[in-house]
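Colleague: Hey, got a minute? I'm new to this one and could use a quick tour.
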There are 4 protein chains.
Amino acid sequence: MKTGIVGATGYGGAELLRILQAHPEFSITSLYTSSQKGKNIEEHYPHLTGLFPQKLEEINPVKMAEETDLIFLATPSGISSKLAPELVENGCSVIDLSGDFRIKNQAKYEQWYKKEAADLFWIEEAVYSLPELNREKVKGAKFISNPGCYPTATILGLAPLVKENLLAENSIIIDAKSGVSGAGQSASLATIYSELNENLKVYKVNQHQHIPEIEQMLESLGYKSPITFQTHLIPMTRGIMATIYGRIDTKITKEEIWDLYQQFYSDEPFVRLRKLGSFPTTKEVTGSNFCDIGLDFDERTSRVTIVSVIDNLMKGAASQAVQNANIMFGLEETLGLQFSPVYP
Amino acid sequence: MKTGIVGATGYGGAELLRILQAHPEFSITSLYTSSQKGKNIEEHYPHLTGLFPQKLEEINPVKMAEETDLIFLATPSGISSKLAPELVENGCSVIDLSGDFRIKNQAKYEQWYKKEAADLFWIEEAVYSLPELNREKVKGAKFISNPGCYPTATILGLAPLVKENLLAENSIIIDAKSGVSGAGQSASLATIYSELNENLKVYKVNQHQHIPEIEQMLESLGYKSPITFQTHLIPMTRGIMATIYGRIDTKITKEEIWDLYQQFYSDEPFVRLRKLGSFPTTKEVTGSNFCDIGLDFDERTSRVTIVSVIDNLMKGAASQAVQNANIMFGLEETLGLQFSPVYP
Amino acid sequence: MKTGIVGATGYGGAELLRILQAHPEFSITSLYTSSQKGKNIEEHYPHLTGLFPQKLEEINPVKMAEETDLIFLATPSGISSKLAPELVENGCSVIDLSGDFRIKNQAKYEQWYKKEAADLFWIEEAVYSLPELNREKVKGAKFISNPGCYPTATILGLAPLVKENLLAENSIIIDAKSGVSGAGQSASLATIYSELNENLKVYKVNQHQHIPEIEQMLESLGYKSPITFQTHLIPMTRGIMATIYGRIDTKITKEEIWDLYQQFYSDEPFVRLRKLGSFPTTKEVTGSNFCDIGLDFDERTSRVTIVSVIDNLMKGAASQAVQNANIMFGLEETLGLQFSPVYP
Amino acid sequence: MKTGIVGATGYGGAELLRILQAHPEFSITSLYTSSQKGKNIEEHYPHLTGLFPQKLEEINPVKMAEETDLIFLATPSGISSKLAPELVENGCSVIDLSGDFRIKNQAKYEQWYKKEAADLFWIEEAVYSLPELNREKVKGAKFISNPGCYPTATILGLAPLVKENLLAENSIIIDAKSGVSGAGQSASLATIYSELNENLKVYKVNQHQHIPEIEQMLESLGYKSPITFQTHLIPMTRGIMATIYGRIDTKITKEEIWDLYQQFYSDEPFVRLRKLGSFPTTKEVTGSNFCDIGLDFDERTSRVTIVSVIDNLMKGAASQAVQNANIMFGLEETLGLQFSPVYP
């Protein structure tokens with residue numbers, strides 16, 4: 001299958017390149033860029049020296065649709081909203097890694113993203129796909145909206161409890177932590193090494209644009225009340241941990257909760273549940289498509305604590321996009337994604 | 001004033017040495033050790049080369065009480081419980097940095113610390129002192145129990161709201177994060193660099209021994225229900241951040257909450273409240289005695305979010321101990337502690 | 001091909017597992033251990049959860065030779081010297097990642113390693129293989145001694161100049177830097193996070209056991225005088241950089257030196273020469289089998305500066321061992337090793 | 001003494017603020033800025049919240065000279081060359097932390113700095129002062145050029161050997177490593193966290209502007225040949241290590257070399273020589289004015305290895321400037337600088 005990437009010079013794009021280079025069915029035909037046309041990707045990313053002969057090409061939806069079967073859009077919010085429809089209209093399959101088609105309510109998108117929403121027709125056309133929860137909609141789809149990094153970790157952490165309707169109203173708090181690569185390659189005082197190293201900060205307090213995405217998905221699973229979701233910047237490059245708190249008012253034991261998760265995820269190749277008493281760390285999924293989950297229930301407070309970790313650039317972006325691509329094209333879902341994490 | 005330190009070879013001890021070396025009233029007379037007698041401290045800590053001529057001496061309470069006016073016990077839990085009473089009985093003032101005298105209920109201590117509690121007489125004798133909340137008890141006291149690192153950040157973050165009785169029952173969740181120096185100099189697979197760098201982990205899920213200390217203090221301030229308190233290990237050496245969540249059921253604005261904090265801490269030299277919309281980072285207090293606090297209130301969820309940061313080895317241990325020492329001996333509370341944070 | 005690993009619980013072993021899991025010809029049949037028999041590898045390495053069903057087995061050379069075609073010894077120096085011969089005698093191919101068979105002069109081994117040397121017969125039997133320099137000896141060999149991490153980066157950095165006899169006598173200085181994973185999983189005060197983070201140290205000054213290995217190889221390439229080789233511990237987990245200095249007394253330009261390297265390595269799939277004016281960083285090879293090289297020549301001082309980087313656990317250990325395994329068994333040398341670095 | 005700082009928003013400026021805030025003789029009267037006039041320094045540096053009431057003022061040499069006795073110029077090269085002379089002419093004492101007045105040969109400055117040199121009169125007027133080597137020139141001086149960070153570590157590491165004329169011609173190689181704060185607060189792709197964390201890079205190969213400064217000082221001490229000096233960026237915020245190599249052709253032992261250093265620095269309050277076999281790490285001087293030195297001599301190669309470490313922002317900039325200020329004004333040289341390093 002011929003694939004192209006728009007935004008290969010970003011960190012998510014770099015991971016797409018690494019995955020697709022080794023994928024048995026998708027081959028990278030073309031790389032597209034808005035700003036570095038004519039360059040080779042290795043001029044931007046020396047770690048790719050010698051690996052990709054293609055020159056970066058300019059963005060031209062008609063030509064892109066002719067050259068490729070599938071385009072990954074690793075572009076910022078605000079770009080995809082225009083580009084994706086043109087590609088799909090020209091017959092190209094599209095997986096969009098931006099937030100532009102995730103929020104089905106335009107007003108909410110505009111409220112949280114502070115940007116103009118995409119066209120409603122295309123928002124509805126785009127299939128939001130977290131494969132573990134809705135892979136059946138993806139098969140044969142032409143246009144996929146790939147979930148955000150935080151929502152992936154959070155929703156996978158919450159789904160079994162929410163589906164069973166076990167969490168008390170207004171009781172969900174997600175304390176989320178991310179490595180700095182989530183901020184991309186943007187250079188600003190806020191992202192320089194000396195400011196972030198040996199430092200820990202909160203950001204976007206009660207304002208993170210992933211809040212409506214999580215709430216929308218939880219609502220579809222049956223949870224109606226708003227959540228508290230708070231993000232922190234951790235002095236590391238990769239990894240997301242969502243520490244999730246919720247109240248359970250029905251009588252339950254931690255073993256019963258664990259069994260629920262075990263059943264829910266028993267056939268999932270990319271979700272690994274840790275034994276009771278054991279919790280995953282972010283580095284244990286680095287470089288892989290795994291989402292690892294651990295949990296505990298505290299009878300003193302009737303609170304469940306769920307720890308969900310992913311690699312933000314992988315299951316939180318690039319490798320989940322390839323997982324979706326596999327499903328779209330009827331391939332084995334795990335194809336080209338069965339590599340183990342890179343540790344230490 | 002002649003002071004001595006037991007446990008100078010730990011990280012808290014190292015910071016005590018740094019502070020007291022420059023303190024105008026306390027001078028370091030003697031350093032005591034259980035294991036490295038006869039050595040010079042610079043053999044253990046080369047960064048102190050040339051600064052402390054004293055040889056490490058063995059622990060002998062009678063002799064220690066003769067030689068010094070004040071002993072800082074920077075010793076692990078389980079050691080202080082025996083040593084502190086002997087020193088006090090021999091007429092020496094004592095500030096204990098361990099957890100041994102913090103929990104006033106012996107059963108709770110034993111439940112959470114998994115160790116035998118100290119003698120009840122001495123537990124009651126020891127004045128637990130977080131100066132911003134109970135400095136009046138410290139003046140003239142002979143035996144101080146210095147607060148834990150997490151409790152310091154957490155309680156200072158919560159006190160104004162709790163005292164006003166604004167937080168809903170069973171609504172407090174503290175997601176706490178600490179740098180690795182909190183684990184001390186102990187070498188184990190869990191503390192080696194390659195395991196912790198570029199990694200993020202939870203630990204002691206629902207089992208941290210600082211939980212009863214926080215609950216005891218909150219109870220004394222008027223909050224009776226249990227809390228959820230979860231600790232995370234951050235890939236940095238120093239710093240604690242407590243991200244605190246609670247529900248407020250009365251109608252209130254963030255400006256009103258901010259005013260409450262502003263009034264509560266307006267005369268405190270070591271608590272710095274950030275403007276609304278601004279939040280402290282851990283590095284902004286590194287090496288200092290400051291506790292910096294920022295907050296927000298989310299009307300969508302009726303939840304307040306409080307971010308409280310300290311340097312775990314300073315306000316969380318050594319410099320707070322010196323702050324207490326200043327009060328005990330009737331000195332200016334800020335004496336020898338007015339240095340600015342080390343940044344970046 | 002059935003392969004087994006001794007020492008899978010070390011970091012080099014972990015990388016062998018990651019590589020072999022995805023290798024098209026070598027399959028991991030058995031994992032052997034001296035201390036954790038009966039456990040599953042995921043109990044030691046949670047990042048491998050679900051990936052390796054085998055239980056760790058005890059070390060029994062006869063049984064190991066029956067069960068497998070090839071054994072990787074990721075064992076410390078002093079262990080391999082006994083184990084490797086027994087395996088080879090029982091008909092098993094062996095690749096030893098330790099230093100035990102690298103130094104062909106027993107006295108030198110004992111001087112630098114402070115351990116008893118292996119049997120001379122087996123030292124001579126073991127083929128030291130840095131494939132780029134002596135792959136012809138590896139084809140069909142049964143017993144390979146895999147090079148050290150520092151020697152790999154250093155010798156590849158020096159080989160083109162040394163083979164042309166361009167470097168002045170007694171002029172080579174190698175200032176080498178390594179991430180902490182080179183120290184393995186050993187827990188000691190010297191390897192804990194708080195001591196190494198935000199810190200930089202030299203170690204084994206003029207005493208590193210890789211010195212005789214480098215000198216032996218340089219001598220075989222024609223350089224007879226001793227070298228200065230100094231190692232530093234960098235606050236990062238992975239990566240080695242060798243900054244190499246040497247004097248060139250013949251008249252030469254940097255372009256001519258660059259051409260020399262370009263020709264020398266033009267057909268090498270795993271050595272990437274950077275353009276003049278450009279130098280590799282360690283992260284640009286992380287997780288891969290690449291050795292990247294950049295160079296400059298300073299006419300002011302007649303000194304050449306060569307910067308050579310590898311991932312110490314990969315080209316410096318595990319992936320180079322698999323490269324050797326490919327050659328031994330007549331497979332394509334790049335088989336299962338053509339993945340791109342993990343960046344950022 | 002009334003002092004002012006130009007460039008307080010840089011990292012060197014931040015350390016000046018920290019030091020002077022606690023200095024018994026110098027008080028900070030005014031802070032000057034080219035770009036943030038009217039702001040309070042805490043808006044730029046929240047770690048200074050509450051500590052400095054002064055508003056940032058615009059740069060006006062006449063007014064500055066009226067308001068203050070001494071100005072520290074923590075400004076980039078190219079700014080000081082104009083500003084310093086105007087201040088001195090108006091009667092103000094000046095300590096310039098930039099490179100503008102260090103190189104006494106204008107052509108060399110322009111060759112290495114790629115900027116126009118300062119006026120020759122003022123270059124000659126400026127006293128270059130590394131106090132340990134030329135403090136006698138500083139007493140009573142009005143205009144000091146403070147040394148660069150790398151030159152400070154390097155020259156202090158070499159001085160005893162060079163003064164004794166023990167190092168062979170053309171034999172000095174300095175492999176220097178710095179934390180990222182040396183790059184200041186400038187935001188670019190090259191300084192963002194994700195690019196530098198877990199990474200190691202060389203920079204300015206054979207082109208660093210500190211080369212002529214080091215050579216000029218070595219020449220004044222008697223060493224005439226050019227040096228090789230190579231810089232590396234280490235994933236840490238603070239600290240410089242210079243690993244220095246040189247050949248000694250006369251017969252000598254490491255003990256004799258150590259004695260030489262011991263005598264040379266025996267009366268120096270800020271240079272600490274480590275015992276033979278022991279070497280300093282960068283964190284052992286963090287936050288202090290110390291330069292720590294360790295050394296070894298290898299008879300195999302006749303090479304001496306000297307390891308010299310400083311905190312680049314302190315002895316490499318701010319605290320050395322205050323040390324010079326103390327000397328200028330006839331104060332005790334150690335005044336306000338006797339704090340111990342911050343460890344860990």
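Modeller: Sure, and keep in mind it's a predicted model. Let's start where two chains meet: between chain D and chain A there are 14 residue pairs in polar contact, with both partners at pLDDT 80 or more.

Colleague: And how many salt bridges across the interface of chain D and chain A?

Modeller: Zero, going by the rule used.

Colleague: Which helix gives the largest share of the side of chain D that touches chain A?

Modeller: That's helix α9 of chain D, residues 193–196, which brings four residues. As for character, chain D's side has nine nonpolar residues, ten polar and one charged.

Colleague: How much area do chain D and chain A bury between them?

Modeller: About 1500 Å², with 57% of it on carbon and sulfur atoms. On chain D's part, D:Ile192, D:Tyr193 and D:Ser194 supply 40% of the area buried against chain A, more than any other three residues. Each chain puts residues into the contact: 20 from chain D and 20 from chain A.

Colleague: Switching topic: why is helix α1 of chain D largely enclosed?

Modeller: Because ten of its eleven residues, in the span 11–21, are buried by the rest of the structure. Among them are D:Tyr11, D:Glu15 and D:Arg18.

Colleague: What do the buried residues of α1(D) pack against?

Modeller: Within chain D, β1, β2, α2, β4 and α12, and from chain A, α9 (193–196).

Colleague: What does UniProt place at residues 2–141 of chain A?

Modeller: An unreviewed entry there lists "domain: Semialdehyde dehydrogenase NAD-binding". That span is 36% helix and 18% strand, and its end C-alpha atoms lie 17 Å apart.

Notes:
Residues are numbered from 1 along each chain as its sequence is written. Chains are lettered from A and ligands numbered from 1 in the order in which they are written. This is a predicted model: local features need pLDDT of at least 70, side-chain atom pairs count only at pLDDT 80 or more; totals for chains, interfaces and linings use all residues. Side-chain values use heavy atoms; hydrogens and water are left out. UniProt positions are given in the numbering used here, feature names are shortened, and annotations may be inferred rather than shown by experiment. Helices (H or I, at least four residues) and strands (E, at least two) are DSSP runs, numbered from the N terminus. Contact means heavy atoms within 4.5 Å. Buried area is the accessible area (1.4 Å probe) that two parts lose on being put together, summed over both. A salt bridge is a side-chain nitrogen of Lys or Arg within 4 Å of a carboxyl oxygen of Asp or Glu. A polar contact is a pair of N or O atoms within 3.5 Å; within protein, one must be able to donate a hydrogen and the other to accept it, and residues adjacent in sequence count only if both atoms are side-chain atoms. Ala, Val, Leu, Ile, Met, Phe, Trp, Tyr, Cys and Pro count as nonpolar, Asp, Glu, Lys and Arg as charged, and the others, Gly among them, as polar. Buried means under 20% relative accessible area, exposed over 50%, partly exposed in between (1.4 Å probe, protein chains only).
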